[in-house]
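Please examine the sequence and the structure shown below. This report describes how the parts of the chain are arranged and packed.

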Amino acid sequence: MKYWKKSTKAVHAGTRRSQYGEVSEAIFLTQGFVYPSAEAAEARFESPGKDEFIYARYGNPTVRMFEDRMAALMDFEDAFACSSGMSAVSGALMALLKVGDHVVSSRALFGSCLYVLEDILVRFGVKITLVDGTNNAEWDAAIELDTTLVFLESISNPTLEVVDLNHVCKVAHKVGALVLVDDAMATPIHSYAADCGADIAIVSTTKHVDGQGRMLGGVITGSRDLIRGPIEAYMKHTGGAMNPFTAWTHLKGLETLDLRVNKQSSTTMAIANVLDDHPQIITVRYPTHSAHPQHILACTQGETGGTVLAFEIKGGKDACFKFLNGLELFIISNNFADAKSIVTHPATTTHQRLPQEQKDLLGISGGLVRLSAGLEDADDLISDLLAALNAI
Ligand SMILES: *Cc1c(COP(=O)(O)O)cnc(C)c1O
């Protein structure tokens with residue numbers, strides 16, 4: 001299995017068959033497990049074997065299949081599946097940090113991640129330093145001997161900034177700090193977090209793994225020592241486990257992940273090319289497109305730039321709302337990586353909570369649109385975008 005390509009791992013890794021030899025993964029919708037004897041129960045609580053489970057908050061056969069498949073796909077030893085991406089992010093941070101620790105993080109973060117760092121962890125006596133994630137010198141200056149953990153999004157949401165992950169891992173490891181990557185945008189099929197030396201990668205499986213807008217889920221991937229040590233201990237006692245039905249749906253989602261992500265990525269690049277030439281557009285940002293200031297770094301780190309792009313429309317919020325309301329095929333929503341193409345206005349929705357000066361710092365302007373390409377025909381999507389742009 002170690003030598004399988006990612007698309008093969010996405011279909012086969014971690015498969016466990018019951019005595020019935022089912023082809024499609026079985027769903028074990030059970031909270032608990034029966035022990036053949038009192039002695040067996042005692043032995044299992046003492047040290048459960050590979051195919052032995054105790055309670056679904058700790059683990060479940062369907063969930064374990066999903067964890068093993070995700071670990072293989074992400075090139076890490078092990079994984080713990082969680083009820084949502086945020087349950088995974090907050091769980092990993094809470095499991096690994098204590099009072100007095102120092103965290104260095106990129107500033108351009110998903111709104112809820114920023115809340116966990118700045119509002120929750122600070123309350124528990126953790127010191128946070130935020131840096132411009134695109135600036136290696138800022139990482140170098142902020143990571144000090146007392147730094148215990150580094151947190152970042154490999155590709156940031158919504159402005160698609162790219163972090164030089166090799167560099168950050170090198171600097172962090174020199175002082176013994178762990179590197180945690182929120183890897184939602186990079187997609188599990190093209191993730192480079194393990195390659196670059198990250199200690200833990202967290203994926204919101206709500207995004208590309210589900211891919212059809214149904215389930216919330218998340219997964220923490222890393223070394224066996226970290227995952228089955230502090231991460232599992234924290235997650236199993238605090239109740240953030242994934243439910244078996246979600247794990248089963250995600251296993252089915254993984255079978256088509258490679259096809260979907262590659263089609264969605266090529267559609268995103270085609271859209272970036274068209275928008276880059278349009279007189280109504282100020283800037284287009286797609287990591288591997290030549291208009292992105294870090295496209296060389298993005299091309300060396302990842303095979304694609306993902307399935308999301310951002311662009312700024314001339315005329316600020318008014319023109320932007322006219323454009324959004326003029327779209328017929330794209331839906332206005334705040335998720336991404338769905339089969340349906342989605343447009344989002346971050347300044348008034350996902351990042352509404354941020355004070356104006358922080359929006360300015362992050363480049364979240366009134367004219368900024370985040371676009372997630374779905375599985376529709378690329379030409380249909382481009383026609384819809386051009387009609388709405390021309391009608392502003
Ligand atoms: C969506 C997202 C999350 C949160 O995931 P949920 O599954 O919605 O909890 C965290 N980080 C990033 C970068 C995301 O895009």
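The text that follows treats the domains, the nonpolar cores and one helix in turn.

The model is a predicted one. The protein chain is divided into domain 1 (6-254) and domain 2 (258-390), and the C-alpha centres of the two domains lie 27 Å apart. Their contact draws 36 residues from domain 1 and 36 residues from domain 2.

| Property of the contact between domain 1 and domain 2 | Value |
|---|---|
| Area buried between them | about 2900 Å² |
| Share of this area on carbon and sulfur atoms | 59% |
| Salt bridges | zero |

Of the area that domain 1 buries against domain 2, 22% is supplied by Pro158, Leu160 and His190, more than by any other three residues.

The largest nonpolar core has 84 residues, and Leu93, Ile220 and Ile231 have the most contacts inside it. Because both domain 1 (6-254) and domain 2 (258-390) give residues to this core, it lies between them. Another core, of 24 residues, lies apart from it and includes Leu275, Val284, Leu327 and Val343. Leaving aside residues up to four places away in sequence, Ile231 touches Phe80, Ala92, Ala95, Leu96, Ile200, Ile220 and Leu226.

Helix H11 comprises residues 257-276. At 1.5 Å a residue, its 20 residues should span 28 Å, which agrees with the 28 Å between its end C-alpha atoms. Among the buried residues of H11 are Leu257, Val261, Gln264, Thr268, Ile271 and Leu275. An α-helix has 3.6 residues a turn, so residues three or four places apart point the same way. The cover over the buried residues of H11 includes helix H3 (61-73), helix H10 (244-255), strand S8 (281-285) and helix H15 (378-390).

Notes. Residues are numbered from 1 along each chain as its sequence is written. This is a predicted model: local features need pLDDT of at least 70, side-chain atom pairs count only at pLDDT 80 or more; totals for chains, interfaces and linings use all residues. Side-chain values use heavy atoms; hydrogens and water are left out. A nonpolar core is a set of buried Ala, Val, Leu, Ile, Met, Phe, Trp, Tyr and Cys residues joined through side-chain atoms within 4.5 Å. Buried means under 20% relative accessible area, exposed over 50%, partly exposed in between (1.4 Å probe, protein chains only). Domain bounds come from an automatic or database domain assignment. Contact means heavy atoms within 4.5 Å. Helices (H or I, at least four residues) and strands (E, at least two) are DSSP runs, numbered from the N terminus. The expected span of a helix is 1.5 Å times one less than its number of residues. Buried area is the accessible area (1.4 Å probe) that two parts lose on being put together, summed over both. A salt bridge is a side-chain nitrogen of Lys or Arg within 4 Å of a carboxyl oxygen of Asp or Glu.
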